[in-house]
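Here is a request for a briefing on how helices pack against one another in one chain. Please look at the structure first, and then read on.

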Amino acid sequence: MTAITTTTGSNDSNTIRARPGGFVSDTLAIAGRALRAVPKDLEAVLPPVFIAFFFFVVNIATFGGLTEGTVNGLDYTAFSMPTAILLGVTGVSRAPAFVLDVQNGYLDRLLLTPIRRFSILLGHMLADVVVAAALTVPILGLGFILGVRFEAGIAGVLVFIALAASWSLAFAGFGYAIALKTGNPGAVQSTFLLFFPFLFLTTSYVPRSQLSGWLDTVAGLNPVTYLLEGLRSLAIEGWQLDQLVPAVVAILVIGALSMSMCFAALRGRVSRG
Amino acid sequence: MSAITARQLTRRFGDFTAVDGIDLDIQSGEIYGLLGPNGAGKSTTVRMLCTLLAPSGGSASVAGHDIVKDPGAVRLRIGVALQEAALDPAQTGRQLLGLQGRLYGLSSSEVERRISDLEQIIELGDALERRIGSYSGGMQRRLDLAASLVHNPEVLFLDEPTTGLDPASRIKVWEEVGRLNRELGMTILLTTQYLEEADALAGRVGIIDGGHKIVEGTPDELKRKVGTDVIVAGVEGPTDDACVALRNVAGVESVEPHADEVVITANDGAGTIGPVAIALDAASIRVRSLTLRTPTLDDVFLEATGSRIQSVDQPDDSEDVSLATDDSSGQTPDSEEAFR
């Protein structure tokens, strides 16, 4: 092709050709775009933090005295902080924005570029991890103000944030799967409802020792139970591998399930066109 | 050298066959127009060729690469402006072009150079720094075109590039498409439902209907197949009577009824229109209008399918109405005499 000066480009510019950008570069580019959109979409981020703050404070006021009187040595503020944080970060994702990409055709524009399909999803999810980690910080700050101290130290705080963000990512996979499958923002936003059984059929409000009957059985099957126990152990007990490993496994199990659905939905959408 | 080839390219959606065994051979540097009404299969064909949609059957290659076996290589070499501008309203125009360039592997400096050059096409001025959500439809289409050009593609797909644009913007897109082809040798496949657009831009036209490619050739070749001249008689009452009255008129080559019109082809239109008027009068057929013009691509479509493109899909935006002439095709004829 002859490169000559035109109104559409200088001689030099017209010789520029596309080339594969690389998986990491592509994923970071998509993540960067998703993160740039967050400040313009604060209504998707601030309410969960408000809800987390609200339940954190109300739960302590409602159950603190009751539970601490029943279970010796229980620091209910530290106990309920992970519940508040999971409330704050679960379901917070760019999936609703992603569904808008599906609707307004921008996903097609991304799919037309030479980047790997998975980079598009992974880039969004990488942004979700960053947002979830950022949302964890103010709730942790409130916990510190209310007297929570981490037995596992600063490294424990960082692992706590990483676990919470990883859970957020694992759960966000469901939202992306629904976004790709339905292209419906309402359906995506209702993904959070999926979390309700996970959150309430577990040790969100009282220790496992206080659960009995069918609720104890269900809590034993609920991955959030192990996640909460792992998170709590960092604050209350220090480094307890027997509690952290099940927490990581719980995240991996939910993540594997949601990501399988998510990537299957992506393949389905691409094949449907 | 072929830039786009397709062999028996087919796409089915359940029981519905949207594209039914289309063959294409589009040479490098060519502008090829895929013309047809809504639902003809144009966009589905483009979506397959640009790797957005997997074919149900057949094969195709673009820029020398198979669209199924090597879609990544195809994507590196093509630019696509889809029927609906595919933009993110939350980004600014500059951010969108920048991300687009990065996803095509361009360095930051290359992206800046390309944006600087593309600004001349899109003429958005300061709006390039504004969020795309605030753009008008025309601005969005222009930005979409720029996004498809940021990496200097070898093959450009334009799916109904001017639908929804005002006449001035439409002409500007035509000029730019012509320039991309003429000065950069870019191969361009454009789909359109506007006859005028296919006639003005495309070196060759493939007319598609019901998922089939019906005819193909240069606009002049196709129009010559219809005849030298076309006489359109708008009649009141059944068109069958008019057809019977006109079949044996000297100079008439063919007579086709269409809605409340009769379309007559003739080698000598000027010499035949008089006898046609006399024959209709002799048969006591009330004539609303009698028009002589050269054939249009709509006449080609009519002859091939028995219906008109514009009757299937009348433009619904005001600028399209303003473009339409007083012939039923909506295409400006090369020459026209009207008896009213």
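What follows describes two helix pairs, their geometry and their contacts.

This is a predicted model, in which local features need pLDDT of at least 70, side-chain atom pairs count only at pLDDT 80 or more, and totals for chains, interfaces and linings use all residues. Residues are numbered from 1 along each chain as its sequence is written, while chains are lettered from A and ligands numbered from 1 in the order in which they are written.

**α3(A) with α6(A)**

- The axes (lines fitted to C-alpha atoms, for helices over the stretch in contact, with angles from 0 to 180 degrees between N-to-C directions) of helix α3 (residues 76-89) of chain A and helix α6 (residues 117-145) of chain A come within 10 Å and cross at roughly 150 degrees; helices are DSSP runs of H or I with at least four residues, numbered from the N terminus.
- The two helices α3(A) and α6(A) are therefore roughly antiparallel, a term for angles over 145 degrees.
- Residues in contact have C-beta atoms, placed from the backbone, within 7 Å; those of α3(A) include Met81(A) and Ile85(A), and those of α6(A) include Leu135(A) and Ile139(A).
- The residues of this contact divide into seven nonpolar, four polar and no charged, where Ala, Val, Leu, Ile, Met, Phe, Trp, Tyr, Cys and Pro count as nonpolar, Asp, Glu, Lys and Arg as charged, and the others, Gly among them, as polar.

**α1(A) with α6(A)**

- The axes of helix α1 (residues 23-37) of chain A and α6(A) come within 7 Å and cross at roughly 55 degrees, which makes α1(A) oblique to α6(A), oblique being what remains outside under 35, 65 to 115 and over 145 degrees.
- Among the residues of α1(A) that meet α6(A) are Phe23(A), Asp26(A) and Ile30(A), and the α6(A) side includes His124(A) and Leu126(A).
- By class, the contact of α1(A) with α6(A) has 11 nonpolar, four polar and one charged residues.

Key. Two residues are in contact if their C-beta atoms, placed from the backbone, lie within 7 Å.
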